[in-house]
Amino acid sequence: MAMAARVGRVKRLFSTFPFPSSAPAKPPPPPAEPSTNLFVSGLSKRTTSEGLREAFIKFGQVVSARVVTDLNSGYSKGFGFVRYDTLEEAAEGIKGMDGKFLDGWVIFAEYARPRLPPPPKTSQPQSFN
């Protein structure tokens, strides 16, 4: 009997069954509203802002293209933003580049979400007693 209990504990320890977590799962955020600004993820560390512009200019007038870089190394953080002149061009840019290769990596293009406002600052200083 003791052996059976031990085997049961070992099975639970190495089980791949997804046990329910204590925290409820958050629903995914709703899709972003269509805008002329696109969020592009999955970029290679070699991708430059000019390379991003060249890849997306085939689908319309690119107002700006920017790869977000690390301040210390200067390498890409793997994402960037492309802004088109019109909503139609932005939609074509998503359709034309989402899931395509750029610099050897599969990239993903979607409408950018607006930045959330920063949390309000408290006016009273905190004391640490």
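**View 1. Phenylalanine F79 and its ring partner in the predicted model.** In this predicted model, F79 has a relative accessible area of 26% and is therefore classed as partly exposed, a class that lies between the buried limit of under 20% and the exposed limit of over 50%. F81 also has a relative accessible area of 26% and is likewise partly exposed. The rings of F79 and F81 form an aromatic pair with 6.3 Å from centre to centre, and with 90° between their planes the arrangement is edge-to-face.

**View 2. The ring pair of F39 and F81.** The centres of the F39 and F81 rings are 5.6 Å apart and their planes meet at 55°, so this pair counts as tilted. Because F39 belongs to strand β1 whereas F81 belongs to strand β3, the pair ties together parts of the chain that are 42 residues apart in sequence. F39 itself is partly exposed, at 25% relative accessibility. Taken together, ring pairs link F39, F79 and F81 into a cluster, and the count of aromatic pairs comes to three.

**View 3. The open sheet of four strands.** The four strands follow the order β2-β3-β1-β6 and pair in the antiparallel sense, forming an open sheet. At its edges lie β2, which covers residues 62-69, and β6, which covers residues 108-111, and each of these strands pairs on one side only. From one strand to the next, the twist averages 20°. As background to this view, strands of a sheet pair through backbone hydrogen bonds, and the pairing may be either parallel or antiparallel.

**View 4. Strand β1 beside the edge strand β6.** Strand β1, made up of residues 37-41, pairs with β6 over four bridges, and the sense of this pairing is antiparallel. Within this part of the sheet, L38 stands opposite Y111, a residue of β6.

**View 5. Helix α2 packed on the sheet.** Helix α2, formed by residues 49-56, packs on the sheet and touches β1, β2, β3 and β6, where β3 covers residues 76-84. The direction of helix α2 makes an angle of about 140° with the direction of β2.

**View 6. Helix α3 lying across three strands.** Helix α3, which spans residues 87-97, lies across β1, β3 and β6. With respect to β6, helix α3 runs at about 155°.

Definitions and conventions: Residues numbered from 1 in each chain as written. Predicted model: local features only at pLDDT ≥ 70, side-chain atom pairs only at ≥ 80, totals over all residues. Heavy atoms only, no water. Pairing = 2+ DSSP bridges. Helix = DSSP H or I, 4+ residues; strand = E, 2+ residues; numbered from the N terminus. Axes fitted to C-alpha atoms, helices over the stretch in contact; angles between N-to-C directions. Contact = heavy atoms within 4.5 Å. Phe/Tyr/Trp six-rings, centres within 6.5 Å; stacked < 30°, edge-to-face > 60°. Buried < 20%, exposed > 50% of the residue type's maximum accessible area, 1.4 Å probe, protein only.
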